[in-house]
Amino acid sequence: MVEPNSTTSGGAGPEVLPGAAPLRRQSWLPFSPPAVGQAEIDEVADTLRSAWITTGPKTQRFEREFAAFVGAPGALALNSCTAALHTALATLGIGPGDEVITTPMTFAASVNVIEHVGARPVLVDVEPDTLNIDPAAIAAAITARTKAVLPVHYAGHPVDLDRIGELARAHSLAVVEDAAHAIPAQYRGRCIGAGPNPVAFSFYATKNLTTAEGGMLTGEPAFLERARVLSLHGMTRDGWQRYHEGGSWFYEVVLPGFKYNMTDIQAAMGLCQLRKQEEFQRRRRQVVARYSGAFASDEAFELPVARADTTHAWHLFVLRLRPQALRIGRDQFVAELTARNIGTSVHFIPVHLHPYYRTKYGYRPDDFPVAYENFRRMLSLPLHPGLSDGDVSDVIEAVLAVASAHRR
Ligand SMILES: *Cc1c(COP(=O)(O)O)cnc(C)c1O
C-alpha cells in the first residue's frame, strides 16, 4: 500500500478569522516522495536473503512483466533512463558527424547522451499546448547529417508519433523516445513503448514507477540483443549465464561496452511497483481532476491539456501562470508556496539555458521562444499517489491564496 511521507492537515486546524493571514500548512508537503510500501520491502529483503543480488532471475522477470504491461516487443532493464538512451544511440551507431534533433524542454540527460556518443544535438522549439517537440520544427531542422529524432513525452503527454514517424520514414531517421514520464501513456490506443522504436523509461525516485534508480529500454528483440551486449561491457555472456547452475565460464568481449545493468534488488522493487500502477494512476487522475476543477475558471492560470486520441500518464501537473493576470512572477509564486509549506518544482530549465549548451552552441534564451516563454511562467504542483485529500486541499488553498493576494 501507499505510505505517504506527507502528513494530512487539510480540514483540521483552527478556524481562520475573516481577513486574517492565510493559514500555513503545519508540515512540509514534499513535491514527489516515492510511494514505496511493505511489498517492496519484503521483495527486496527476499532478494538480499537469496544467493543472487545483481542481474538475474528477478531482472529477467521484470523485463518480461514490463514488456507485457506496455505491450512491447522486448525489454532490456538498465540502471537508468539515461543509460537506456545512451545505449540506444550507441547501438544505432550514431556518432561524430551525426546530428540528433531533440527538444530543449527536457531534463539535460536527454541531450547529454547525444554528446556522449559524440554527435551534435540540434534543439528545436516545442508546441505551445503540450510543450512537446514541434513536428514542423523537426521538419525544418533536418539536414543530410540528421540520423535520429529524440522526442520526449513531456509530463506524460505523448508526442505526435504519427507525424514524427512520417518524417523519420521520409528521411530514413531513427526515432528514440524518451519516455521517462510516460508510464503508462497511450497514443492512439497503444502504450508508449509498444512500437518498434527504441523507447527509454525511467525508474528514478520521483518517477511514476520507481526502483530508486533504474531504467528500461523497449524495442525490437534483435535491436535489444545488440543493446544488451553493449550495455554490459560488450560481453557475450552476462553474470547469470556464467555463474548459475549449468552456466559456463567462457565469454568474449566483442565491443568496449558500458556497465549499465540493473540489479535484482532494483528489479524486486520494480515488480511490486508494476502491480501498483493501476492504483497509482487512478489516484493521479483524481488529484488532476481536483486541481483542474479548482483552477480552470481562474484567469491567472493556464492548465495542462490532454489532446484527443492520447492517454496522459500524468507524471507532472504543470501549472502555467498568466502574467497579464498577476503582479508577481513564477519565482515569487513558488517562494510564497514554499512559505506555505507546499513543495513544488519546475520542469524544466530549458537545456539551451544551461551554461554548457549555451556556451558550446552560442544559444540565446529567445532561440526557442515557446520553451523560454513557458519556462518563465511554469511550476509543477505535487502529484503522486501518496497525496491525501487533505494534502490536495492544502495545495489548492495555497495556490488560490497566493493568486488572490497578487491579482492585477
Ligand atoms: C528523469 C528523466 C530522465 C533521466 O532519467 P534517469 O533514470 O534518472 O536517468 C531523462 N529524461 C527525462 C525527461 C526525465 O525526466
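Which pocket is the space taken by the ligand? I looked, and the ligand takes up the largest pocket. My note on the term: on a 1 Å grid over the protein atoms alone, a pocket is an open set of points with protein on both sides within 12 Å along at least five of seven lines. A molecule sits in a pocket if more than half of its atoms lie within 2 Å of its grid points.

**Ground rules**

I am reading a predicted model, where local features need pLDDT of at least 70 and side-chain atom pairs count only at pLDDT 80 or more, while totals for chains, interfaces and linings use all residues. Residues are numbered from 1 along each chain as its sequence is written, and side-chain values use heavy atoms, with hydrogens and water left out.

**Entry: around the ligand**

I looked up the neighbours of the ligand. It is surrounded by 15 residues. To be near, a residue needs a heavy atom within 4 Å of the molecule. The closest are Thr82, Asp178, His181, Ser202 and Lys207.

Next I checked polar contacts. These are pairs of N or O atoms within 3.5 Å; within protein, one must be able to donate a hydrogen and the other to accept it, and residues adjacent in sequence count only if both atoms are side-chain atoms. Thr82 places a polar side-chain atom 2.5 Å from a ligand oxygen. For His181, the distance from a polar side-chain atom to a ligand oxygen is 2.7 Å. Ser202 also has a polar side-chain atom 2.7 Å from an oxygen of the ligand. On its own, the ligand has 380 Å² of accessible area, and the protein covers 92% of that. Such areas come from the Shrake-Rupley method with a 1.4 Å probe.

**Entry: the cores**

I turned to the nonpolar cores. A core here is a set of buried Ala, Val, Leu, Ile, Met, Phe, Trp, Tyr and Cys residues joined through side-chain atoms within 4.5 Å. Buried means under 20% relative accessible area, exposed means over 50%, and partly exposed is in between, with a 1.4 Å probe and protein chains only.

The largest core has 40 residues. Phe62, Phe66, Ile138, Phe201 and Phe203 touch the most other members. Several elements supply at least two residues each, including helix 2 (57-70), helix 5 (135-141) and strand 9 (199-202). Helices (H or I, at least four residues) and strands (E, at least two) are DSSP runs, numbered from the N terminus. I also found a second, separate core of 30 residues; Leu29, Val288, Val392 and Val399 are among them. In soluble globular proteins, nonpolar side chains tend to be buried together.

**Entry: pairs apart in sequence**

I picked Leu224, in helix 7 (residues 221-231). Its relative accessible area is 2%, so Leu224 is buried. Leu224 and Thr87 are 137 residues apart in sequence, yet their C-alpha atoms are 9.6 Å apart.

Leu209 sits in the loop between strand 9 and strand 10 (215-218). Leu209 is buried because its relative accessible area is 0%. From Leu209 to Lys276, 67 residues along the chain, the C-alpha distance is 8.7 Å.

Then I tried Asp46, in helix 1 (residues 38-49). Asp46 counts as partly exposed because its relative accessibility is 41%. Its C-alpha is 37 Å from that of His116, and the two are 70 residues apart along the chain.

**Entry: loops and backbone**

Is Thr103 buried or exposed? With 1% relative accessibility, Thr103 counts as buried. Thr103 lies in the loop between strand 2 (99-102) and helix 4 (109-116). Its side chain reaches the backbone nitrogen of Met105 at 2.9 Å.

I found a cis peptide bond between Ile183 and Pro184, with omega about -10 degrees. Pro184 is in the loop between strand 6 (177-178) and strand 7 (186-187). Another cis bond runs from His347 to Phe348, with omega near 5 degrees. Phe348 belongs to the loop between helix 11 (330-339) and helix 12 (355-361).

Last, I noted positive phi angles. Ala155 is not a glycine, yet its phi is about 70 degrees. Ala155 is in the loop between strand 4 (146-150) and helix 6, and counts as buried at 5% relative accessibility. Arg188, also not a glycine, has a phi near 45 degrees. Arg188 lies in the loop between strand 7 and strand 8 (190-191). At 48% relative accessibility, Arg188 counts as partly exposed.

Note on methods:
1 Å grid on protein atoms, 1.4 Å probe; cavity = no way out; pocket = protein on both sides within 12 Å on 5 of 7 lines; lining within 4 Å.
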